[in-house]
Amino acid sequence: MKISFIASHGGSSARHIIAAIEQKALAAELGVVITNNSDSAILRWCQEQHIPVHLINAKTHPDPESEDLAIMNTLTEAQTDLVVLSGYMKKIGPHTLARFNGHILNIHPALLPKHGGHGLYGDRVHEAVLKSGDTVSGASVHLINERYDEGPVLKQSHVPVLPDDTVASLRARVQATEGDLYLETLKDIVEGKL
């Protein structure tokens, strides 16, 4: 199985999974990394590590449809079986979504279906969890569909929400689970358990 990545910023989950592939801890091949951010740490890291990386964004492809087609074609040319989103903040375009339907995974920093949807990302999610009074949070790996955070949930991690939690402390606790959660989900997919 060949896994490709789409990332916007640091790409910590992508790095974690790529390391597992290189160390043979995940029985998969690395396809390609796509980023939409020319200043991203993941772009620099891929260049330093000689990992195939492509910059595709509204500057390289001003028309949204051409941007979507470029992403779809890059993933297809890399013979991608599974697409992993790693901090990618844009909605996946209809061409890419149709071509890789049921094969695009995302990780969300809350226990979906709670605290998901348009505009709920990053620290906004943790703020919503704290305001709700929830005693448990975590992360959810789910399949992408045409609506934000509404695809089927495949696997979740759980962490306690502590009485003195701040957004930063809750974020740190949730993020500490994300790399391994993604990796466990991918192992289950590769081994046919999911």
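Helix α5 (residues 123–132) and helix α6 (residues 167–190) have axes that come within 9 Å and cross at roughly 110°, which makes α5 roughly perpendicular to α6 (65 to 115 degrees). This is a predicted model, in which local features need pLDDT of at least 70 and side-chain atom pairs count only at pLDDT 80 or more, while totals for chains, interfaces and linings use all residues. Residues are numbered from 1 along each chain as its sequence is written, and side-chain values use heavy atoms, with hydrogens and water left out. Helices are DSSP runs of H or I with at least four residues, numbered from the N terminus, and axes are lines fitted to C-alpha atoms over the stretch in contact, with angles from 0 to 180 degrees between N-to-C directions.

With contact meaning heavy atoms within 4.5 Å, D123, H126, E127, V129 and L130 of α5 meet V167, L170, R171 and V174 of α6.

Helix α6 also crosses α1 (residues 12–22), again with axes that come within 9 Å, at roughly 50°, so that α1 is oblique to α6 (outside the ranges under 35, 65 to 115 and over 145 degrees). Here S13, H16, I17 and A20 of α1 are in contact with E178, G179, D180, Y182, L183 and L186 of α6.

The table gives both contacts by class, with Asp, Glu, Lys and Arg as charged, Ala, Val, Leu, Ile, Met, Phe, Trp, Tyr, Cys and Pro as nonpolar, and the others, Gly among them, as polar.

| Contact | Nonpolar | Polar | Charged |
|---|---|---|---|
| α5 with α6 | 5 residues | 1 residue | 3 residues |
| α1 with α6 | 5 residues | 3 residues | 2 residues |

Technical notes: Helix = DSSP H or I, 4+ residues; strand = E, 2+ residues; numbered from the N terminus.
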